[in-house]
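Biologist: Before we discuss any details, please place the model in front of us. I should like to put a series of questions about it to you.

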Amino acid sequence: PLNFPHCAITITRIVTKFVTLDGTTVFPVLISVLHDGKEFPNPTEFDPGHFLNEDGTFRKSDYFMPFSAGKRLCVGEGMARMELFLFFTSILQNFKLKPITDPKDIDVTPLEKPGGRFSPHYEFCVIPR
Ligand code: HEM
């Protein structure tokens with residue numbers, strides 16, 4: 001939910017309400033967007049349905065912002081998206097992923113830790129096709 005900290009280099013107005021002074025460290029908090037209850041009905045749960053249309057096709061959401069927003073957003077976003085696409089499509093095209101337990105027993109509840117919510121560790125078999 002937290003973005004990387006930034007340092008104001010001058011008197012800066014954020015939105016219209018907050019004024020920060022030169023040298024103030026600012027932590028942008030993205031939680032109001034990432035946890036928007038209208039956009040994501042179960043905002044604290046891992047729910048792939050948040051990104052699917054009723055017919056199962058992909059639904060892009062502007063509320064999902066892993067690369068942040070604004071002037072200092074990630075400059076590597078295009079490259080990262082391309083890499084992730086190549087990485088995952090290569091795996092899915094070349095390997096069969098088999099869970100070691102019954103998929104029903106896999107717990108996808110995120111781990112609550114200081115600084116955020118993290119996915120649990122999983123073990124699975126990667127079998128060449
Ligand atoms: C899944 C992969 C990645 C994620 C989720 C990610 C996410 C982020 C986030 C959240 C920021 C902070 C934006 C802000 O402070 O407002 C950032 C900054 C940055 N990222 Fe990434 N990033 C990824 C991959 C990459 C790659 C592959 C590169 C370079 C090839 C890269 C280069 C940078 C740089 C240079 C900044 C600092 C930009 C600035 O401060 O103006 N990132 N990234």
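**Exposure, contacts and the ligand site**

Modeller: I9 is exposed, with a relative accessible area of 74%. The model under discussion is a predicted one.

Biologist: In which loop does I9 lie?

Modeller: The relevant strands are β1, residues 6-7, and β2, residues 12-14. I9 lies in the loop between β1 and β2.

Biologist: How far apart in space are I9 and P110, C-alpha to C-alpha?

Modeller: In sequence, I9 and P110 are 101 residues apart. Their C-alpha to C-alpha separation in space is 37 Å.

Biologist: How far apart in space are R117 and P1, C-alpha to C-alpha?

Modeller: R117 is found in strand β7, residues 116-118, and counts as partly exposed at 34% relative accessibility. R117 and P1 are 116 residues apart in sequence. In space, C-alpha to C-alpha, the separation of R117 and P1 is 8.5 Å.

Biologist: Is E39 buried or exposed?

Modeller: E39 is placed in the loop between α1 and α2. Its relative accessible area is 18%, and buried means under 20%. Therefore E39 is classed as buried.

Biologist: Which residue's side chain makes a polar contact of 2.5 Å with the side chain of E39?

Modeller: A polar contact of 3.2 Å joins the side chains of E39 and R59. The contact of 2.5 Å joins the side chain of E39 to that of S61.

Biologist: What is the phi of S68?

Modeller: S68 is found in the loop between α1 and α2, and at 17% relative accessibility it counts as buried. S68 is not a glycine, although its phi is positive. The value of phi at S68 is about 75°.

Biologist: Which residue is the only protein donor of the iron atom of the ligand?

Modeller: The donor atom is SG, at 2.2 Å from the iron atom. In an unreviewed entry, UniProt lists the donor residue under "binding site". The only protein donor of the iron atom is C74.

Biologist: What is the relative accessible area of C74?

Modeller: C74 lies in the loop between α1 (31-34) and α2 (77-94). C74 is classed as partly exposed, because that class covers values between 20% and 50%. The relative accessible area of C74 is 33%.

Biologist: How many residues surround the ligand?

Modeller: The closest residues are N3, H6, S68, R72 and C74. By class, the shell has eight nonpolar, four polar and one charged residues. The number of residues surrounding the ligand is 13.

Biologist: At what distance from an oxygen atom of the ligand does a polar side-chain atom of H6 lie?

Modeller: A polar side-chain atom of N3 lies 3.1 Å from an oxygen atom of the ligand. For R72, an N or O atom of the side chain is 2.7 Å from a ligand oxygen atom. For H6, the corresponding distance from a polar side-chain atom to an oxygen atom of the ligand is 2.6 Å.

Biologist: Between which domains does the ligand lie?

Modeller: The shell around the ligand receives residues from both domains, so the ligand lies between them. These are domain 1 (1-74) and domain 2 (76-129).

Definitions and conventions: Residues are numbered from 1 along each chain as its sequence is written. This is a predicted model: local features need pLDDT of at least 70, side-chain atom pairs count only at pLDDT 80 or more; totals for chains, interfaces and linings use all residues. Side-chain values use heavy atoms; hydrogens and water are left out. Donors are N, O and S atoms within 2.8 Å of the metal (3.2 Å for Na, K and Ca); water is not among the atoms, so sites may look incomplete. Helices (H or I, at least four residues) and strands (E, at least two) are DSSP runs, numbered from the N terminus. A residue is near a molecule or strand if one of its heavy atoms lies within 4 Å of it. A polar contact is a pair of N or O atoms within 3.5 Å; within protein, one must be able to donate a hydrogen and the other to accept it, and residues adjacent in sequence count only if both atoms are side-chain atoms. Ala, Val, Leu, Ile, Met, Phe, Trp, Tyr, Cys and Pro count as nonpolar, Asp, Glu, Lys and Arg as charged, and the others, Gly among them, as polar. Domain bounds come from an automatic or database domain assignment. UniProt positions are given in the numbering used here, feature names are shortened, and annotations may be inferred rather than shown by experiment. Buried means under 20% relative accessible area, exposed over 50%, partly exposed in between (1.4 Å probe, protein chains only).
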